[in-house]
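Grab a pencil and open your viewer. Here are a few exercises on reading a fold, each with a solution worked out in steps.

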Amino acid sequence: MYLRIMSTIAVAVLLGIFYKAVVKDSAQIASEDTLVSGISYPLFDPEMAPDEIRDQVMKGYGIMLETKQHLPEYAGDKISCTHCHFSAGNSFGGKSNGFSLVGVNHKYPVTLESGKQLTLADRINGCFMRSLNGKPLPVDSTEMKAMIAYLNWISSGIPKRADYPWMGVKKLRSNHVADAKNGALIYGNKCALCHGKNGEGQQRPYDLSYPPLWGENSFNDGAGMHRPGVFAYFVYENMPYDDPRLTVEEALDVAAFVTSQDRPKYVPPQE
Ligand code: HEC
Ligand code: HEC
């Protein structure tokens with residue numbers, strides 16, 4: 001079984017891509033396929049990671065699902081990675097799948113305009129400091145290594161490319177001028193039931209929690225999600241959670257409303 005998995009992976013690496021026929025052969029590790037430009041890629045289940053990396057992959061997976069429980073000193077708010085990167089990033093984005101992280105390891109390191117190299121660990125820490133309103137995790141900590149092992153594993157079926165069509169924030173096309181007042185009405189009608197009247201969210205111990213959207217337990221004003229365009233795109237694709245069907249105009253209005261509410265300020269870490 002293990003040899004078969006490894007040989008399947010080897011084939012994938014050799015071909016650079018997975019064709020449907022190859023994917024069928026790896027049905028045990030690949031839970032779902034997506035068709036991108038006529039090519040089908042598998043998703044790799046964390047539970048099916050080979051023995052020698054399985055514990056590490058599962059630890060990374062656990063951190064993505066319940067970040068504060070695992071890292072109370074580093075996660076400042078009550079939002080976990082999976083609340084924005086649905087299924088702990090193990091998805092192909094699009095409607096109802098949040099921000100994908102499949103293939104993300106291949107995108108890093110990137111060279112910034114300043115000439116500085118940004119590694120995957122640095123990028124993860126970007127989300128810790130802003131989306132989780134917390135502190136950067138030491139890059140050589142077992143937790144950071146576990147998250148990277150997890151991201152590497154879920155990207156196993158993806159060839160290296162400069163970018164991936166299922167990743168990233170797309171701009172919503174509209175000439176509409178966002179109206180925060182109308183956004184407040186939409187919020188009351190379509191969001192408050194789960195995220196709370198004051199955006200405070202709801203912890204549900206035995207079920208999916210509803211993360212906070214503003215206030216002291218939410219992402220800070222340095223987060224990508226605080227930018228109205230990013231928020232609107234995310235919400236247009238993914239919210240309301242059980243039925244994501246806002247119009248582009250409604251998404252822009254609710255984004256204008258939520259991003260105008262109080263939230264923590266981003267404080268850059270002291271060097
Ligand atoms: C409040 C929402 C939110 C939370 C919570 C969050 N992220 Fe993100 N993350 C984003 C957004 C927005 C982006 C930028 C997406 C883009 O531009 O493609 C991003 C980007 C990333 C990227 C880079 C993706 C790329 O395409 O280069 C990584 C890696 C990442 N996040 C990991 C994490 C991890 C790990 C956690 C938990 C510690 C986390 N994120 C928590 C919103 C969030
Ligand atoms: C049926 C309950 C439900 C409704 C209604 C709902 N959401 Fe969500 N929302 C969720 C859940 C659950 C998640 C986290 C998903 C996960 O963990 O996979 C989430 C995540 C989010 C996030 C990312 C995490 C964060 O804290 O920033 C944003 C932003 C968001 N919702 C905005 C909205 C907006 C705006 C509306 C109304 C248009 C809305 N939601 C309606 C359940 C809901």
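The exercises below go from the overall chain to helix packing and then to single residues, and the model they use is a predicted one.

**Exercise 1. Describe the protein chain: how many helices and strands does it have, and in what pattern do they follow along the sequence?**

Step 1: count the elements. The protein chain has 10 helices and four strands.

Step 2: walk along the sequence. The order comes out as α-α-β-β-α-α-β-β-α-α-α-α-α-α.

Step 3: check burial. The chain has 271 residues, and 48% of them count as buried.

Step 4: look at contact range. Take the contacts between residues at least 6 apart in sequence: 61% of these join residues at least 24 apart.

**Exercise 2. Work out how helix H3 and helix H6 are oriented relative to each other, and which residues make the contact.**

Step 1: pick the descriptors. Two packed helices are described by the angle between their axes and the distance between the axes.

Step 2: get the values. H3 covers residues 51–65 and H6 covers 142–154; their axes come within 7 Å and cross at roughly 100°.

Step 3: classify. Angles of 65 to 115 degrees count as roughly perpendicular, and H3 and H6 are therefore roughly perpendicular to each other.

Step 4: list who touches. H3 contributes Ile53, Gln56, Val57, Lys59, Gly60, Tyr61, Ile63 and Met64, while H6 brings Thr142, Glu143, Lys145, Ala146, Met147, Ala149, Tyr150 and Trp153.

Step 5: sort by class. This contact has 10 nonpolar, three polar and three charged residues.

Step 6: zoom in on Ala149. This residue of H6 is buried, with a relative accessible area of 14%. Its C-alpha atom is 7.0 Å from that of Gly60, although the two are 89 residues apart along the chain. Leaving aside neighbours within four places in sequence, Ala149 is in contact with Gln56 and Val57.

**Exercise 3. Check the length of H3 and find out which of its residues are buried.**

Step 1: at 1.5 Å a residue, the 15 residues of H3 should span 21 Å.

Step 2: compare with the model. The end C-alpha atoms are 21 Å apart, which agrees.

Step 3: look for buried positions. In H3 these are Val57, Gly60, Gly62, Ile63 and Met64.

Step 4: see what lies over them. The cover includes helix H4 (67–70) and H6.

**Exercise 4. Now do the same job for H5 and H6: are they roughly parallel or roughly perpendicular?**

Step 1: the axes of H5 (residues 120–129) and H6 come within 11 Å and cross at roughly 110°.

Step 2: that makes H5 roughly perpendicular to H6.

Step 3: the contact involves Leu120, Ala121, Ile124, Asn125 and Phe128 of H5, together with Met144, Met147, Ile148 and Leu151 of H6.

Step 4: by class, the residues are eight nonpolar, one polar and no charged.

**Exercise 5. Find Ser218 and Ser209, and say what the side chain of each is paired with.**

Step 1: Ser218 is in the loop between helix H8 (192–195) and helix H9 (228–238), and Ser209 lies in the loop between H8 and H9.

Step 2: Ser218 counts as buried at 0% relative accessibility; Ser209 is buried at 17%.

Step 3: the side chain of Ser218 makes a polar contact with the side chain of Arg263 (3.3 Å). For Ser209, a polar side-chain atom lies 2.9 Å from the backbone nitrogen of Arg204.

Note on methods. Residues are numbered from 1 along each chain as its sequence is written. Chains are lettered from A and ligands numbered from 1 in the order in which they are written. This is a predicted model: local features need pLDDT of at least 70, side-chain atom pairs count only at pLDDT 80 or more; totals for chains, interfaces and linings use all residues. Side-chain values use heavy atoms; hydrogens and water are left out. Axes are lines fitted to C-alpha atoms, for helices over the stretch in contact, and angles run from 0 to 180 degrees between N-to-C directions. Helices (H or I, at least four residues) and strands (E, at least two) are DSSP runs, numbered from the N terminus. Angles under 35 degrees count as roughly parallel, over 145 as roughly antiparallel, 65 to 115 as roughly perpendicular and the rest as oblique. Contact means heavy atoms within 4.5 Å. Ala, Val, Leu, Ile, Met, Phe, Trp, Tyr, Cys and Pro count as nonpolar, Asp, Glu, Lys and Arg as charged, and the others, Gly among them, as polar. The expected span of a helix is 1.5 Å times one less than its number of residues. Buried means under 20% relative accessible area, exposed over 50%, partly exposed in between (1.4 Å probe, protein chains only). A polar contact is a pair of N or O atoms within 3.5 Å; within protein, one must be able to donate a hydrogen and the other to accept it, and residues adjacent in sequence count only if both atoms are side-chain atoms.
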